[in-house]
Amino acid sequence: VTTLVGVLEQLEQDRPANGKRVALVSGHDANCLTGSHKDYLFQKRLAMRLPLDSFRFDFRYGGSAEDARDLVTVVAFLRNNYGYEIDMVVGHSRGSVVGMHWLCTSEEGKRVTAVVNVSGHRMRTYKEKVSVTREQVLQRVFPKDLEEFARWDTDIVRDNFPPTINVLTVHGLADDVVPVYDAIIYARAFGSRAPGTHVLHLMEDADHNFTGRQDEVVDVILEWLEEHHSGALVTGVLRTGIRGRL
């Protein structure tokens with residue numbers, strides 16, 4: 001039996017959490033080569049700076065159905081043991097897809113107010129170039145995984161994603177694992193909802209794992225989250241109207 005491992009970060013450890021809001025921050029899976037686990041990329045840095053409690057964790061097996069069950073298990077654990085309500089979901093790459101699926105298929109997902117989709121992709125056959133101890137490794141996705149992933153209905157995001165959730169999509173323009181066009185597809189799908197908003201942020205020269213740019217990813221998420229909490233979000237591109245180099 002593989003243990004589901006996570007880290008709970010609490011702003012006030014001695015106070016009861018009953019009814020309190022919490023953020024879910026997912027990695028990839030604990031055994032995968034991507035290095036996209038709960039502490040490797042931006043996840044731990046984000047958890048340390050979030051203005052609310054958070055629980056970051058790794059999926060155990062890396063299969064879509066198993067990942068979805070893991071997410072349901074985590075939500076039930078936080079609810080039954082602490083009384084938390086999920087308010088925010090943050091995912092990277094495949095973790096984003098799993099989070100979106102949960103939001104579309106659960107009653108608790110309808111009460112979430114904020115979602116951060118980092119390097120999220122649509123379902124496809126693919127290979128991943130990943131970094132392990134700073135060396136490039138090609139990770140293959142095996143046929144059984146592809147068949148299982150392909151059975152997931154990607155249109156569920158268009159048809160069933162809660163209309164009240166604010167979404168931030170962050171994607172690197174140098175991502176050679178997930179095409180930047182996938183971020184545009186999500187922007188179209190989420191930007192057509194109301195009253196929920198969608199904000200897109202594309203990072204120049206950033207790769208799939210935002211190598212050397214993790215703090216910038218955290219800064220972007222916190223900037224967006226502040227606007228989310230203040231009610232100032234509008235659908236569009238982050239920092240619209242701010243002068244930058246052309």
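Colleague: Is Asp-67 buried or exposed, and what is its relative accessible area?
Modeller: A word on the ground rules: this is a predicted model, in which local features need pLDDT of at least 70, side-chain atom pairs count only at pLDDT 80 or more, and totals for chains, interfaces and linings use all residues. Numbering starts from 1 along each chain as its sequence is written, and side-chain values use heavy atoms, without hydrogens and water. Buried means under 20% relative accessible area, exposed over 50%, and partly exposed in between, with a 1.4 Å probe and protein chains only. Asp-67 is buried, its relative accessible area being 2%.

Colleague: Which residue meets Asp-67 in a salt bridge?
Modeller: A salt bridge here is a side-chain nitrogen of Lys or Arg within 4 Å of a carboxyl oxygen of Asp or Glu. For Asp-67, the N to O distance to its partner is 3.7 Å, and that partner is Arg-94.

Colleague: How many residues apart in sequence are the parts that Asp-67 and Arg-94 tie together?
Modeller: Elements are DSSP runs numbered from the N terminus: helices (H or I, at least four residues) and strands (E, at least two). Asp-67 belongs to helix H2 and Arg-94 to helix H3, so their pair joins parts whose separation in sequence is 27 residues.

Colleague: Which element gives the most to the largest nonpolar core?
Modeller: Such a core is a set of buried Ala, Val, Leu, Ile, Met, Phe, Trp, Tyr and Cys residues joined through side-chain atoms within 4.5 Å. The largest one has 28 residues, with Leu-24, Ile-86 and Phe-161 making the most contacts inside it. Elements that each supply at least two of its residues include strand S2 (21-29) and helix H2 (64-82). With six residues, the top contributor is H3.

Colleague: How far apart are the end C-alpha atoms of helix H7?
Modeller: The expected span of a helix is 1.5 Å times one less than its number of residues. H7 has 17 residues (214-230), so it should span 24 Å; the model agrees, with its end C-alpha atoms separated by 25 Å.

Colleague: Which residue forms a salt bridge with Glu-223 of H7, and where does that residue lie?
Modeller: The two side chains meet at 2.7 Å, N to O, and the partner is Arg-239. This pair ties together parts that are 16 residues apart in sequence, because Glu-223 is in helix H7 and Arg-239 lies in the segment after strand S10 (236-237).
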